[in-house]
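Student: Please take a close look at one part of this model for me: the strands, with the residues that sit on them and in the loops between them. I would like one connected account.

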Amino acid sequence: VTYAYDLTINTSGGSSAPIRTDRGGGTVVVDGGTYTSNGLGSPAIYSTADITVKNAALVSNLSEGVCIEGKNSITLTNCDLTANNTKRNGNAKFLDTIMIYQSMSGDADSGTSSFTMTGGTLTSKNGHVFHVTNTNAVLSLSDVKITNEDADGILLSVCDDGWSGGSNTAVLKAIAQKLAGTVKVGSNSALTLELTEGSSFVGSIDGSIVNAKGETVSTEVGTVTVTLDGTSTWTLTGDSYVTEFNGDASSVISNGYTLYVNGTALAGTN
């Protein structure tokens with residue numbers, strides 16, 4: 001167990017995350033401080049344990065913002081996270097800010113990965129904001145200000161990357177949360193998207209995916225379930241494709257586009 005308070009940590013080497021665990025699990029609790037990485041393969045946080053951080057500034061100037069491997073977790077509360085992932089490391093074929101994966105190297109047991117962020121800011125300067133591959137992941141967001149500066153505007157990708165042996169399965173829970181951007185779900189992958197407590201999603205869902213190497217990863221969308229409660233809305237920014245839709249169709253604002261549910265256009269949208 002590690003407790004850290006109000007530290008200033010700067011790293012420049014490879015595989016040198018300022019907040020980091022490796023094989024063996026454990027618990028890390030961080031309150032306050034500034035944590036900055038500048039090296040390759042060096043996110044601000046790398047988790048093979050249960051890591052909780054609050055009231056901190058997290059900056060990654062080359063790599064992902066945070067990485068979770070396998071059956072482990074990161075919980076952020078009132079943190080400001082900024083990442084500019086401009087160079088791929090190891091087997092990675094995508095650039096992203098929140099990376100959740102399983103390498104099968106033995107560093108982390110397989111299971112459900114968990115990323116929870118409440119309050120604070122998330123600034124993604126390059127690549128996908130969230131990327132889930134080769135694992136099962138639950139992402140929970142509440143009242144986070146998300147800024148996506150990448151030109152492609154991809155909020156989340158769930159698909160194959162440079163690892164194998166696991167599934168690409170994600171649950172994204174938005175609780176009083178604004179989401180914007182394109183969601184990409186590969187043909188062999190699955191996503192459950194839940195919007196509750198006045199959440200909004202301005203974006204589209206499809207399965208057309210090209211990685212950072214320019215390789216086509218998928219052309220068809222996988223299994224997607226979207227649920228909107230009575231207080232939440234989805235505004236389409238492109239034709240979108242899901243397997244199952246739960247909620248009132250009037251909560252979907254078509255904006256000139258069509259939401260297809262199992263290949264059939266959803267009637268009753270605004």
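Tutor: Buried means under 20% relative accessible area, exposed means over 50%, and partly exposed is in between, with a 1.4 Å probe and protein chains only. This is a predicted model, in which local features need pLDDT of at least 70 and side-chain atom pairs count only at pLDDT 80 or more, while totals for chains, interfaces and linings use all residues. Residues are numbered from 1 along each chain as its sequence is written, and side-chain values use heavy atoms, leaving out hydrogens and water.

Start with tyrosine 3, which lies in strand E1, residues 2-11 (strands, E, are DSSP runs of at least two residues, numbered from the N terminus). With a relative accessible area of 53%, tyrosine 3 is exposed. Together with Val1 and Tyr5, Tyr3 makes a nonpolar surface patch of about 410 Å². Such a patch joins nonpolar side chains (Val, Leu, Ile, Met, Phe, Trp, Tyr) within 5 Å, or like charges within 9 Å, from residues with over 30% relative accessible area and no salt bridge. The areas come from the Shrake-Rupley method with a 1.4 Å probe.

Now the sheets. Strands of a sheet pair through backbone hydrogen bonds, either parallel or antiparallel. One open sheet has 10 strands with parallel pairing, in the order E2-E4-E7-E10-E13-E16-E18-E20-E24-E27 (two strands pair if DSSP finds at least two bridges between them). Its edges are strand E2 (19-20) and strand E27 (252-253), each with a single partner strand, so one side of each has no neighbour in the sheet. Within this order, strand E7 (residues 66-69) and strand E10 (residues 96-101) run parallel and are joined by 4 bridges. Isoleucine 98 in E10 stands opposite valine 66.

Another open sheet has 3 strands, in the order E25-E28-E29, with mixed pairing. Here strand E25 (240-242) and strand E29 (264-265) are at the edges, each with a single partner strand, so each has one side without a neighbour in the sheet. E25 pairs with strand E28 (residues 259-261) in the parallel sense, over 3 bridges. Valine 242 has valine 261, in E28, as its bridge partner. The loop between E28 and E29 holds asparagine 262, whose phi is near 55°, a positive value in a residue other than glycine. Asparagine 262 is exposed, at 60% relative accessible area.

A positive phi also appears in alanine 176, near 50° and again in a residue other than glycine. Alanine 176 is in the loop between E17 and strand E18 (178-185), and at 37% relative accessibility it is partly exposed.

Next come the salt bridges, which number 5 (a salt bridge is a side-chain nitrogen of Lys or Arg within 4 Å of a carboxyl oxygen of Asp or Glu). In one of them, aspartate 206 meets lysine 184, with the closest N and O atoms 2.9 Å apart. This pair links distant parts of the chain, with aspartate 206 in strand E20 (residues 200-206) and lysine 184 in strand E18, 22 residues apart. Both aspartate 206 and lysine 184 are buried. In another, the side chains of glutamate 149 and lysine 125 meet at 3.4 Å, N to O. These two also come from distant parts of the chain: glutamate 149 is in the loop between strand E15 (145-148) and E16, and lysine 125 is in the loop between strand E12 (121-124) and strand E13 (128-133), 24 residues apart. Glutamate 149 is partly exposed, at 45%, and lysine 125 is partly exposed, at 34%.

Last, the cysteines. Cysteine 159 sits in the loop between strand E16 (154-158) and strand E17 (168-175), and at 0% relative accessibility it is buried. Leaving out residues up to four places away in sequence, cysteine 159 touches Phe94, His131, Val132, Thr133, Asn168, Gly186, Ser189, Ile209 and Val217 (contact means heavy atoms within 4.5 Å). The structure holds 0 disulfides, a disulfide being a pair of cysteine sulfur atoms within 2.5 Å. The sulfur of cysteine 67 has its closest cysteine sulfur in cysteine 159, 15 Å away, which is too far for a bond. For cysteine 79 the closest cysteine sulfur is in cysteine 67, 16 Å away, also too far for a bond. Cysteine 67 is buried, at 4% relative accessibility, and cysteine 79 is buried, at 0%.
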